[in-house]
Structure formats: C-alpha cells, structure tokens
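User: Hi! I'm new to protein structures and would like a close look at one part of this one: a sheet, with whatever packs on it. Could you walk me through it slowly?

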Amino acid sequence: MCGIVGYIGHREAYPIVLKGLKRLEYRGYDSAGIALYDGEEIKLSKTKGKVADLETRLENEIATKGTVGIGHTRWATHGVPNDVNSHPHYSNSGNLVIIHNGIIENYEPLRQELTNRGYTFTSETDTEVLVNLIEDVKTKEKVKLGKAVQIALNQTVGAYAIAVFDRNKPDEIVVARLGSPLAIGVGENEYFVASDASPFIEYTNNAIYLEDGEMAIIRRKKGVKVRKIKDDKQVDPYVQELKMNLEQIEKGGYDHFMLKEIYEQPNAISDTYRGRMRVSDGIIKMAGIDDHIEKFTNARRILIIACGTSWHAGLVGEYIFEDLARIPVEVEYASEFRYRNPVIYQDDVVIAISQSGETADTMAAIKLAKEKGAFVFGICNVVGSSISRETHAGAYTHAGPEIGVASTKAFTTQITVLTLIALQLAKKKGVISTPDFHAHLQELERIPEKVAKALESNEHIKEVADIYKEASNCLYLGRGFNFPVALEGALKLKEISYIHAEGYPAAEMKHGPIALIDEQMPVIVIATKKGHYDKVVSNIQEIKSRKGKIIGIVTEGDVTVKGLADHVIEIPETMESMTPLLTTIPLQLLSYHIAVMLNKNVDQPRNLAKSVTVE
C-alpha cells in the first residue's frame, strides 16, 4: 500500500520523481524518500511525514541533479513510520538502492541468514532485507543485477512491486511485481516506473503493465525487456495506450479531491452507462455480459466479493439482482472468503468489485474462485489493473481517477454497473416486462441530473454539519435498498472525521442500538417515500420519544418526516432500486463538511491508504 516512482532518461529526474510522489501520496503518506544518481554517487534523502516534508528536506540536504531517480511514499507494514524505516533502502555496500510496495513474509529467516553472513541492518523493514539478499546473490553468484533480482525473488514469499538501481550499472533500473501493481511508462529514449500511470501521464500515454510474476530490465538506450521471474522465460510486452489525462488528476479548483469527486458523480454515472445503454432502442449492450450470457442466466447463484465501500456497493447489488433478475445472491467480504472453506459450485458466477482493481484480498478470492471452477466477472475502475486481467470477463466503471482515499464516485458507478447487469439479465430471463424495462432505462438516464439536484443541498448540509461536528457517536439507519447506504454513510464519517459511527437496518434498532439513544446521539435516517416508508416513520417516532436528534434524508416534498425530524435533507424522487444513487450524496457531503470543520486531512485520512495491496 505504498507508492513507488522512478525515472531513467534524458531529463532531470528529481522534479519528475517528486511530482510523481505527490500524485501517489494517496497510496501512503507516513514517510517518503528519493534516491538520485548524479553520475558518481547515489544521493538519498528520506523522512517521516508527507512528501512536502521530504521536499523541504531535499532543498536543504542534497544536490538534486541526475537523470536517474527512484522515490517512495510509504504506508507502514514492517517497522514504525520514521526516518530510518522510510524508503529507499541501501544495501550494505551502498551500491544498490531499492523501493518496495508490499510485504516479504519470510523476511525474518532471510534476515537471520544474512546476519549470519555478516550483513547488518539499520531498519526494521523487510525491504532492507530484500536489497541485501539481492546484493548477496549478486556477489556470491557473480551475476548481473537483473539475474540477481530474479534469483533473490525466487527465494522470497510475499507480495511486491520493486525498483532496484545499481550505481555500477547506471543505465538501467530493474523492476518486478507480484501482487502489487507496477506500470512502466514508455517515452522517447526515457522510461518511467510507477504504481499507477498518474506520475507520468503528461510525458507519455504509452505504458506497459507488468503481469504478476514478471520483471523487467529497463535500459536507457536498449529499452525494456520483460521476463518471467520463476523460469526466466522472455515475455513480449504489450504497450497499452492510456486514456487518462492530466486534468483528471488535478483538483480543478476544489479544496479537496474528495469534494471534486463528489461533484463529478453526475458525469461519472453518465460515463458509466454511456455506450452501454440505448434508451430510445430499449437496449443494454455490455460485451462482458453478452459474451457470457448463459453463464449468468444459468447461474445457480451469484457471489459478490469485495472489501470496504465496494462491499457496500455489492450489498446494494444483492437487492437489485434479487429484485429485478430474480437470481439468488450472496455478498462476501473478500478477506473472510479467502480464509474459510467456502462452498463454490462450478455453475456459480462470482462478481469481484474493486475501485483500484488491485485489492489483495479480492485478488486472492478471485484466484480461489477460479480454482473451484466458478466463472469470475470483475468490476473495477482502473484500466489494465490486476483484477481486470485475472477475471474471465468484466466491466469498467469509467469513473475516472479517484484520488481521495474515501471512495465516493466509485460507489455510485459500481452501483450503476450492477444495475445495468441486473436489468440486462432480467430482460434476458424474461422476468421483467418490456414497459417496466424501458421505465428503468429512462429513469437511470435521468439519475445524473437528479444527482446534480441533490448536490444543490450542499450549503444546507454544511449548516447541519456545523451543528453536529462535535458529536462523539452517530447512528445511521436505512431499510431495504438503503440499508447498505446507511453502512456506507457511517463508514465515510469514520474514515475522514474519526467520529465513531454505525450503520444498521432501521428495524434492528429495537434489538440493541436503541439503548444508545439520548439527546446527545445524532441519528441519520434514510426515509425516502419508496419502500418501507411507514415502518421507517415508526422508527423515527421511537427515536424522538427517547430525545434522539434526527437528520432525515427524505424525498422532495415530504411532510411527515419533516414534522418529526430536527433536520431534513431532500433528494429527488426516483425508483426504489435507484434511491441509493441519490441518498448517498448527502451522506458523503455531511461527512466531508464535518471532517473539514474538524481540520482533518480529508483526502489522506490517518492509517488509511487508497489501494489495499497487502493483507
């Protein structure tokens, strides 16, 4: 869950690497470092803290000249965040320097073995063990750097994306990946290395995404050679054209990426269904579904596997699939799914959901499902990501880059894809009438303008946030399609404001959580007119009788809840199955404004990273 970046070419490496680290800081931000080769020596600087702290130190500490450089922004796994544990790490000789995203699980026995051979270690990290293992192999076997990296990695257990530089081989960088993402930007006589394409998008739109178990030797003049780590077999690399642009990854005038991404949702949702849904013709076309339609229509059940916000989207998907397509659905935490002995049938369809397409637990669950013979369909946002390559078929959400750690547009675009799939299957199975199918398409087409309408409540939501920003606990309640939205709303508040919050089905309040209700407890209730409205109103009355403070998310024109609640936030009316696309908007804004008022780092909340690529 760290960010790595590197450059070798004809330009000054320092500004490229530094800018790349700033763009990758969403992946880890407890420490950062840069190593530059000035033609004679490797100059290294690293520090606990943000990339901005590193930049200040660099200005006062080392020369920033050189056309080769690597950098790292860290989310700690082995060793506390401090200057010493920060990357890059030298080998004992000082000839090799490495950056690493991942975990070397057998680093302790390797460390002991190297210690017995006379190696010393200054940090607590698994990464320093790895760079010294590479040096040991290189010295003992008398091989070049690339071969030493290959041999060393075959002795390790774990996950990694690494970049290694040897000052005795100043025209090459060796990279490798297993379980952690790695992209190589291909320019004119220059090459870039990064965890994703954002650090080099303004320099080239051509990239090679290494597959799991591959390594590459990148030479300034000879280009990129890709090989399999396990058997040294040469691989013909596929150079992919990138669709991302620089404007997409800048804030665009917003105070935070999270706020920008909240406001991007009308466009993100329309981009997700554009080209897939033709309302006038009553058609949904999704190649990943069309090419495997019988797998879906004949499925015994659908298993949805995901983590975090994607798991909440999967829960919404369960309601949508069962309601529209009449297919039984189970939703699993990928982290639990992979470690128990799940029952998986060969006629199951497994849908894996991940914004980044790199989530380690979800990747492991995919591999398990494939081993059991299930058909696996991926839903992710990042083109070329691991999940998009590991699954049998899939669909991109087309949300565009999501930089804020707390997912917003990922959630709504994932629900949009799940809705499209459910409607397509419902039509194919004949369990939805033609008029009803057309009505759903027409309403989905109207959702972006309704999301834009919901965003108009921003100033009112800001006022509500100011009232409750000092709360120490919050309760979120929803029923039916909006129970998962209650979970997601609570997660958002926890993630960025550090206020304890819990989401519950509204009917479950009486089975325990009602004991928490008093005049200090804000309760956010999703109470749209669709679904079990009367039941939710009864729940609100029970809360009010115990002096709880009610914030109601209601349909425009609501009178009943408005008469009971302390505050109401209105959303446009829509079909019940599509209410989550609207009810989540005020919850995102409420969390955002509370966090800002509490002076929290909204885009980079403590202890969290955007892409969880380690267990």
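Analyst: Here is a walk through one sheet, followed by a short look at another sheet and a pair of helices. Keep in mind that this is a predicted model.

Let's start with how the strands line up. The sheet is open and has 8 strands, in the order 3-2-4-1-10-9-11-15. Their pairing is antiparallel. As a bit of background, strands in a sheet pair through backbone hydrogen bonds, and the pairing can be parallel or antiparallel.

Now look at the edges. Strand 3 (42-48) and strand 15 (239-241) each have a single partner strand, so one side of each is left without a neighbour in the sheet. Between neighbouring strands there is an average turn of 20°, ignoring direction.

Next, zoom in on one edge. Strand 3 pairs with strand 2 (residues 31-37) in the antiparallel sense, over 7 bridges. If you want one spot to find on screen, try alanine 32: opposite it, in strand 3, stands threonine 47.

A helix joins the picture here. Helix 1 (residues 13-24) packs on this sheet and touches strand 1 (3-8), strand 2, strand 4 (68-74) and strand 10 (191-194). The direction of helix 1 makes about 160° with that of strand 1.

Helix 1 also takes part in a salt bridge. The side chains of arginine 23 and glutamate 202 meet there, at 2.6 Å from N to O. Arginine 23 belongs to helix 1, while glutamate 202 lies in the loop between strand 10 and strand 11 (206-209). These two residues are 179 residues apart, so to speak a link between distant parts of the chain. In the whole structure, a search finds 35 salt bridges.

For contrast, here is the other sheet. It is open too, with 5 strands in the order 24-23-25-26-27, and its pairing is parallel. Strand 24 (500-505) and strand 27 (567-571) are its edge strands, each pairing on one side only. Strand 26 (residues 549-555) pairs with strand 27 over 5 bridges, and threonine 555 has isoleucine 571 of strand 27 as its bridge partner. Helix 18 (residues 533-544) packs on this sheet, touching strand 23 (473-478), strand 25 (522-527) and strand 26.

Finally, the pair of helices. Helix 16 (residues 458-468) and helix 20 (residues 580-597) pack at about 50°, with axes 9 Å apart. That angle makes helix 16 oblique to helix 20. Among the residues making the contact are Ile461 and Val464 of helix 16 and Leu589 and Ile594 of helix 20. By class, the contact has 8 nonpolar, 2 polar and 2 charged residues.

How values were computed: Residues numbered from 1 in each chain as written. Predicted model: local features only at pLDDT ≥ 70, side-chain atom pairs only at ≥ 80, totals over all residues. Heavy atoms only, no water. Axes fitted to C-alpha atoms, helices over the stretch in contact; angles between N-to-C directions. Helix = DSSP H or I, 4+ residues; strand = E, 2+ residues; numbered from the N terminus. Parallel < 35°, antiparallel > 145°, perpendicular 65-115°, else oblique. Contact = heavy atoms within 4.5 Å. Nonpolar A, V, L, I, M, F, W, Y, C, P; charged D, E, K, R; others polar. Pairing = 2+ DSSP bridges. Salt bridge = Lys/Arg side-chain N within 4 Å of Asp/Glu carboxyl O.
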